Amino acid sequence: MLLTVLQYIACALTVLVGAWSLFSPASAGKFTGLTPEGGRGITEIRAVLGMLFVALGLFPILFPAAATFQMLGFAYLLVGITRLISIFVDKSGNQSNWVSVVSEFVLGIILVL
């Protein structure tokens, strides 16, 4: 029961991060270190960091099956692994990157279980 609640919370957080990026791309860009160049860059933040995250978070809520939660969980884990490697390769171990990698691993594990 607790795990199920945590999984729905993880999905809701995914939707919220997506909505934040969708409706406040400049703020999301500052957190991620992305600097959009013109309208094209802002559109990319809205589309990929925004609507894609909204869709990924909503899908398990709308179609609750183990596989939908696990899909989102594996996506988080793979992003977290990539980010962790990149932190060392690119020497980008700033606070927001560490917050992101920890969040990705925690949400990924919750969603895969």
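Biologist: What does Val79 count as, going by its relative accessibility?
Modeller: Heads-up, this is a predicted model: local features need pLDDT of at least 70, side-chain atom pairs count only at pLDDT 80 or more, and totals for chains, interfaces and linings use all residues. Residues are numbered from 1 along each chain as its sequence is written, and side-chain values use heavy atoms, with hydrogens and water left out. With a 1.4 Å probe and protein chains only, buried is under 20% relative accessible area, exposed is over 50%, and partly exposed is in between. Val79 comes in at 40%, so it counts as partly exposed.

Biologist: Where does Val79 lie?
Modeller: Helices are DSSP runs of H or I with at least four residues, numbered from the N terminus. Val79 falls within residues 66-89, and that run is helix 4.

Biologist: How far apart in space are Ala12 and Ile61, C-alpha to C-alpha?
Modeller: Ala12 sits in helix 1, residues 2-23. Along the sequence, 49 residues separate Ala12 from Ile61, yet their C-alpha distance is 8.4 Å.

Biologist: Which kind of aromatic pair do Trp20 and Phe31 form?
Modeller: Rings of Phe, Tyr and Trp (its six-membered ring) pair if their centres lie within 6.5 Å; planes under 30 degrees apart are stacked, over 60 edge-to-face, the rest tilted. The structure holds four such pairs. For Trp20 and Phe31, the centres are 6.2 Å apart and the planes meet at 65°, which means edge-to-face.

Biologist: And what are the rings of Phe59 and Phe63 as a pair?
Modeller: Phe59 is partly exposed at 40%, and so is Phe63 at 48%. Their ring centres are 4.8 Å apart and the planes are at 40°, so the pair is tilted.

Key
Helices (H or I, at least four residues) and strands (E, at least two) are DSSP runs, numbered from the N terminus.
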